[in-house]
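Me: I've got a structure open and I'm not sure how to read it. Could you walk me through a few features?

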Amino acid sequence: MKNGPLFLLGLFLSAVVAWSAIVLGAHAQLGALTPWFDEGEGSSFPPRPTGLAARGQLVYADLGCASCHTQQVRRPDFGSDKERGWGDRQSVARDYLFQIRPQIGAARVGPDLANFGGRKPQAPSADAVLGLLHSGSERHPAYPFLFETRAIAGEPSSRALKLSGVSAPASGHEVVPTERAQTLVAYLLNLNSTYDYPEAKPLVKAPAKQEGKK
Amino acid sequence: MTSPSIQAAPSPGDAIDRHARGPLLTAIGLAIAWLVLSGVFSLIAAIQLHSPAFLSGCEFLTHGRVRALAESAFIYGWAGGSGIAVTVWILGRLGGNSLRAMNWFGAGNAFWNLGIAAGLVGIATGDMTSFSFLQLPRYVQPLLVFASATMGIAGLLAWSGRRRDGTFASQWYGIAGLVLFPWALTAAQISQLWVPLRGVLQAVGAAWYVDAVVFLWLAPLALASAYYLLPKLNRGVLPSYEAAPLAFWLLVVAGTWGAGRHLIGGPVPAWIPTMAVVGFSLLLYHFSVVGLNLRGAFRAEGAEAGALKFGVGAYVVFGVVAFLGCFRSIALRTQFTHFASATDLLFLYGVVSMLFFAAIYFVLPQLTGRPWFSSSLTSGHLAGVKVGIALSIFALAVAGLSQGSMLLNPKVGFGEIASGVRTYLLVNTAAQLVLLASNLLLLVNFWRSACTCCGGAEKAEGSVS
């Protein structure tokens with residue numbers, strides 16, 4: 001390592017090769033991924049997010065929701081994701097195709113949200129999500145800054161939250177979600193990865209002994 | 001390749017250090033101020049983990065933002081700022097000439113700190129990027145690249161203009177850390193923020209950057225300090241030194257192959273997590289050699305040696321934990337849990353910070369020409385951080401393992417998980433409080449030590465904290 005230029009060259013080459021292998025290698029494999037056209041349904045998947053949902057993703061990112069929620073369902077035999085109702089299949093790269101900044105996250109202080117809008121038997125209602133965001137719960141913080149409390153002038157707003165108990169506004173007032181709250185909820189309910197891509201089908205058939213148990 | 005393991009005897013310190021004193025003291029002082037600020041954010045985040053309502057009504061301090069603030073202030077402000085300053089000083093000493101381009105260093109450091117300050121304001125107001133370790137908003141990133149490169153020039157000049165022909169392990173690691181970081185940050189920000197990759201590829205790039213910060217930047221800078229300090233403290237020869245070059249190149253070559261350890265079971269090609277097992281198997285050699293080379297730390301005595309010992313021990317433990325975490329069966333239980341935070345903490349605090357503390361305790365008297373203001377503040381600080389780090393890592397690791405096994409059981413709801421780990425999270429909050437209080441001792445001690453020597457030159461640091 002006495003030869004300075006050679007040493008520096010070695011450093012850069014080592015680092016560049018590793019970066020190229022991992023990042024550019026993955027890019028070579030997935031960079032040209034296209035949506036899947038289903039001839040039976042006559043449309044392609046994943047669908048593009050609505051404008052409101054695309055804006056909501058930016059709210060999700062700037063509040064840092066990803067520090068407690070992942071958006072990546074693991075395959076049924078790896079963890080309890082399926083049993084928890086987070087999704088029947090694992091998330092695949094195609095699910096994130098149209099996301100400007102995928103929020104796959106790294107911590108599960110709260111539940112996974114990859115298929116939040118596709119939960120069974122039915123997805124949570126917008127009102128329930130708005131209520132949680134406004135009032136919080138024992139385990140979820142409240143974000144009152146996403147809402148506006150104002151005096152009712154004339155007709156009450158159709159968007160006003162139906163609140164009761166301690167979180168209810170003073171009489172003659174109403175709590176309405178701001179635009180950010182509306183886009184955030186639109187985004188969350190737009191998260192839907194129920195469509196079965198060919199690559200998401202498990203390679204291994206369910207083992208026979210499971211059937212035997214029943 | 002290289003030569004003897006006893007470090008070069010330094011020329012008279014004063015001549016080397018005179019031009020360097022102001023810029024280096026300012027850089028280290030600002031870094032300590034960031035450490036304290038980061039401690040405040042970490043404390044808030046720790047409280048929010050067991051009491052989610054805490055400060056959540058304040059938009060600037062949602063849990064996600066506070067974590068990003070704590071992480072960015074810590075990595076860039078504290079670890080980066082102090083690591084670059086200490087490494088430049090070490091390269092100057094080993095080069096044997098007085099440091100050149102220190103005005104460049106000073107200017108670079110000013111922009112570095114301004115960039116971080118602007119970036120933190122950006123995160124608090126909603127511009128965080130949502131990539132771990134790369135949370136500072138896009139608009140300050142180019143500034144950080146130029147600022148860190150500018151600071152590194154002084155180190156590079158000291159190395160290329162060295163008096164002796166041979167080089168030491170400390171110099172290889174120091175130069176690697178200084179030159180690879182600006183490149184890694186450039187590659188990451190282009191592929192993540194300016195011309196983003198498509199979809200899930202961003203997650204791959206982000207995972208690579210996390211490991212680049214760990215293995216191409218902070219670990220080399222921290223090892224530069226460790227390899228420099230140990231022969232100074234116990235005046236001995238490093239054992240098994242002939243293995244050190246291979247260990248160094250393994251770190252540089254294979255350090256980032258392990259990026260897939262963050263993506264196990266995720267929506268990425270399966271070879272990426274598999275490559276992590278390969279990478280970390282190679283790195284095991286690196287960790288063993290570093291442990292062997294630096295095992296003398298466990299016999300050395302003194303305040304710096306105490307921190308050095310902790311840092312070297314933590315580095316080897318971190319290597320083993322990270323290696324085990326690459327396996328799917330283990331990741332199944334630790335991934336997405338507080339255990340991951342414990343591993344990060346083990347590296348960022350247990351390894352990097354402890355080694356930089358050791359270096360700062362060694363360097364400051366050389367720069368100022370007089371001992372530290374108070375030796376009881378020194379021992380209080382080091383005792384406090386050791387307790388705080390150990391307690392926090394233990395609490396988060398146990399909480400993570402218990403959270404992990406509860407997550408595997410679909411019948412256990414999130415409420416039950418939260419109440420199950422609450423005790424450990426409370427312990428973690430207490431540990432964060434201890435860490436914050438200890439680091440305040442360091443700030444006070446540094447302030448008094450630096451100010452008795454150069455009067456008002458350190459005024460700047462107070463305004464940040």
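Reply: Sure, let's go through confidence, then the contact between chains, then one helix. Keep in mind that this is a predicted model.

Me: How do I read the confidence, and what is the average pLDDT of chain A?

Reply: pLDDT is the predictor's confidence in each residue, from 0 to 100. Chain A averages 89, and 94% of its residues score at least 70.

Me: Which elements of chain A have the lowest and the highest mean pLDDT?

Reply: Helix α5 of chain A (residues 208–213) has the lowest, at 49, while helix α4 of chain A (residues 179–190) has the highest, at 96. Over residues 210–214 of chain A the score stays under 50, and there the model has 0 contacts beyond four places in sequence.

Me: Now the two chains. How many residues of chain A are in contact with chain B?

Reply: People often describe the size of an interface by the accessible area lost when the parts come together. Here we can count residues instead: 58 of chain A are in contact with 63 of chain B. On chain A's side, α1 (4–30) and α2 (51–63) are the elements giving two or more residues. The largest share, 14 residues, comes from α1(A). By type, that side of chain A splits into 31 nonpolar, 17 polar and 10 charged residues.

Me: And helix α12 of chain B: what span should its 31 residues have?

Reply: At 1.5 Å a residue, α12(B) (residues 338–368) should span 45 Å, and its end C-alpha atoms are 42 Å apart, which agrees. α12(B) also bends by about 30° at B:Ser353.

Me: Is α12(B) largely enclosed or open?

Reply: Largely enclosed by the rest of the structure, because 27 of its 31 residues are buried. Just after α12(B) comes B:Gly369, with a positive phi near 80°.

Note on methods. Residues are numbered from 1 along each chain as its sequence is written. Chains are lettered from A and ligands numbered from 1 in the order in which they are written. This is a predicted model: local features need pLDDT of at least 70, side-chain atom pairs count only at pLDDT 80 or more; totals for chains, interfaces and linings use all residues. Helices (H or I, at least four residues) and strands (E, at least two) are DSSP runs, numbered from the N terminus. Two residues are in contact if their C-beta atoms, placed from the backbone, lie within 7 Å. Ala, Val, Leu, Ile, Met, Phe, Trp, Tyr, Cys and Pro count as nonpolar, Asp, Glu, Lys and Arg as charged, and the others, Gly among them, as polar. The expected span of a helix is 1.5 Å times one less than its number of residues. The bend at a residue is the angle between axes fitted to the seven residues ending there and the seven starting there. A residue is buried if 20 or more other C-beta atoms lie within 10 Å of its own, exposed if 12 or fewer, and partly exposed in between; C-beta atoms are placed from the backbone.
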